[in-house]
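Could you walk me through how to read the features of a protein model, one at a time? I would like the general idea where there is one, and then the case at hand.

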Amino acid sequence: MPPPTFARRAARLLPFFATLAASIAGLAESHAAGPDFSLGLHLVHHRVDERAANGAHLLTETGWTPMLVARLTQPLPLGRLDAHLSWNDGSLDYDGRSQTGSRFQTTTDQRIWRTGFGYALPIAPTLDLRARWELEDRRRHIQGRGAVAGLDERYRQHYAALGLIWTPAPAGTTFSAEWIAGLGGRQTTRADGYIDPVTAPGNGVHGARLGARIPLGAQAGNAAQRPRFALLPQLEYLHADRGETRAYRSNGVIAGSIVQPETTRWQIGAGLEVVW
């Protein structure tokens, strides 16, 4: 079940998105033939697994978080452009081991910002080819507990995605599938009093994303009607290779080495979207 903090986290952004929605509505009225603006509220389940070089399981993080997505889509004489910004913030249950090897359970606070641009080109009456660039900023705070110190990590990763969008009927349900590849990035790790900030190149990343857009209510089948509502289920998988080993300092003195383990991330969820 979603954690009780979900409602509080989502509620904090409601005034901002209410103002944004009013602005978008005004823009839509003054640009009736212009771009589409949309806002979506999603609920996403995360699972993160890390493994050592020998394949041994190190930790699992799981939990539900809210995600808010703003999107602009601009039709072109041939195809369409889109831009998006998403915010995902919540807490995950952490189940792993400390450096001494003993079992360690705590909470990880995770915040993910993503922004990106894409272009979809029709290649058949019901099929589009889409290419996208995306930047992800992921911040992770593993809370300390007892004698075990907390840890802060920040990942900045560029992605390229290539996929297909299938629309079986005009203005009807669409299905999408994308292959994702990392274009490079970096990650920074720190722990107050124990690990001075240390930065390493991002790991090699690949993955896939499946999604759908299902029109709801009387708007289904009527692309001209505004506003429109849709349900958006989505599944995403990302795999990051083991990173490069880096020496780290503690209060200015070299104290050891650190490496980002091989990591897999799963996200599955759904959201409600409104389009002006």
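The dialogue below takes up cavities, a core, a buried strand residue, a hairpin and a loop residue.

Q: Before we start, what kind of model is this?
A: It is a predicted model, so let's read it in that spirit.

Q: How do I look for cavities, and how many cavities of 30 Å³ or more are there?
A: The general idea is friendly enough: rolling a probe the size of a water molecule over the atoms shows where empty space is left. In this model the count comes to two cavities of 30 Å³ or more. The largest cavity holds about 180 Å³ of space, and 17 residues line it, with R138, Y155, V205, A240 and R265 the closest to its centre.

Q: Which elements give two or more residues to the lining of the largest cavity?
A: They are β5 (127-142), β6, β7 (174-191), β10 and β13 (262-275). Of these, β6 gives the most, with four residues.

Q: How do the residues of that lining divide into nonpolar, polar and charged?
A: For the largest cavity, the lining has five nonpolar, seven polar and five charged residues.

Q: What about the second largest cavity: which residues line it?
A: The second largest cavity has about 50 Å³ of space, and its lining is made up of R132, E134, Y159, A160, A161, I180 and R209. Both β5 and β6 supply at least two residues of this lining, and the largest share, three residues, comes from β6. By class, the lining of the second largest cavity has four nonpolar residues, no polar ones and three charged ones.

Q: Which residues make up the largest nonpolar core?
A: Six residues do: Y159, A161, I180, V205, L238 and A240. Two elements, β6 (151-166) and β10 (228-240), each supply at least two residues of this core. You have met some of these names already: Y159, A161 and I180 also line the second largest cavity, while V205 and A240 are among the residues closest to the centre of the largest cavity.

Q: If I pick A161, what is it in contact with beyond its neighbours within four places in sequence?
A: A161 is in contact with R130, A131, R132, E178, W179 and I180.

Q: Let me try a strand residue. Is D36 buried or exposed?
A: D36 counts as buried because its relative accessibility is 18%, and the cut-off for buried is under 20%. D36 lies in strand β1, residues 36-51.

Q: Which residues does D36 touch, not counting those up to four places away in sequence?
A: D36 touches R71, L72, T73, R226, R228, V275 and W276. Look at D36 and W276 in particular: they are 240 residues apart along the chain, yet their C-alpha atoms are separated by 5.9 Å.

Q: How do β7 and β8 pair?
A: β7 and strand β8 (residues 195-201) pair in the antiparallel sense over five bridges. To trace one of them, start at Q187, whose bridge partner in β8 is A200. The hairpin of β7 and β8 has three residues between the strands, and G193 takes a positive phi near 85° there.

Q: How should I read a positive phi in a residue that is not glycine?
A: Start from the general pattern: most residues other than glycine have a negative phi. Here N251, although not a glycine, has a positive phi of about 55°.

Q: Where is N251, and is it buried or exposed?
A: N251 sits in the loop between β11 (246-250) and β12 (253-258). N251 is exposed because its relative accessible area is 61%, and exposed means over 50%.

Note on methods: Residues are numbered from 1 along each chain as its sequence is written. This is a predicted model: local features need pLDDT of at least 70, side-chain atom pairs count only at pLDDT 80 or more; totals for chains, interfaces and linings use all residues. Side-chain values use heavy atoms; hydrogens and water are left out. A nonpolar core is a set of buried Ala, Val, Leu, Ile, Met, Phe, Trp, Tyr and Cys residues joined through side-chain atoms within 4.5 Å. Buried means under 20% relative accessible area, exposed over 50%, partly exposed in between (1.4 Å probe, protein chains only). Contact means heavy atoms within 4.5 Å. On a 1 Å grid over the protein atoms alone, a cavity is a set of points where a 1.4 Å probe fits but cannot get out, and a pocket is an open set with protein on both sides within 12 Å along at least five of seven lines; lining residues have an atom within 4 Å of a point. Grid points are joined across faces, edges and corners, and a volume is the space filled by probe spheres set on the points. Ala, Val, Leu, Ile, Met, Phe, Trp, Tyr, Cys and Pro count as nonpolar, Asp, Glu, Lys and Arg as charged, and the others, Gly among them, as polar. Two strands pair if DSSP finds at least two bridges between them.
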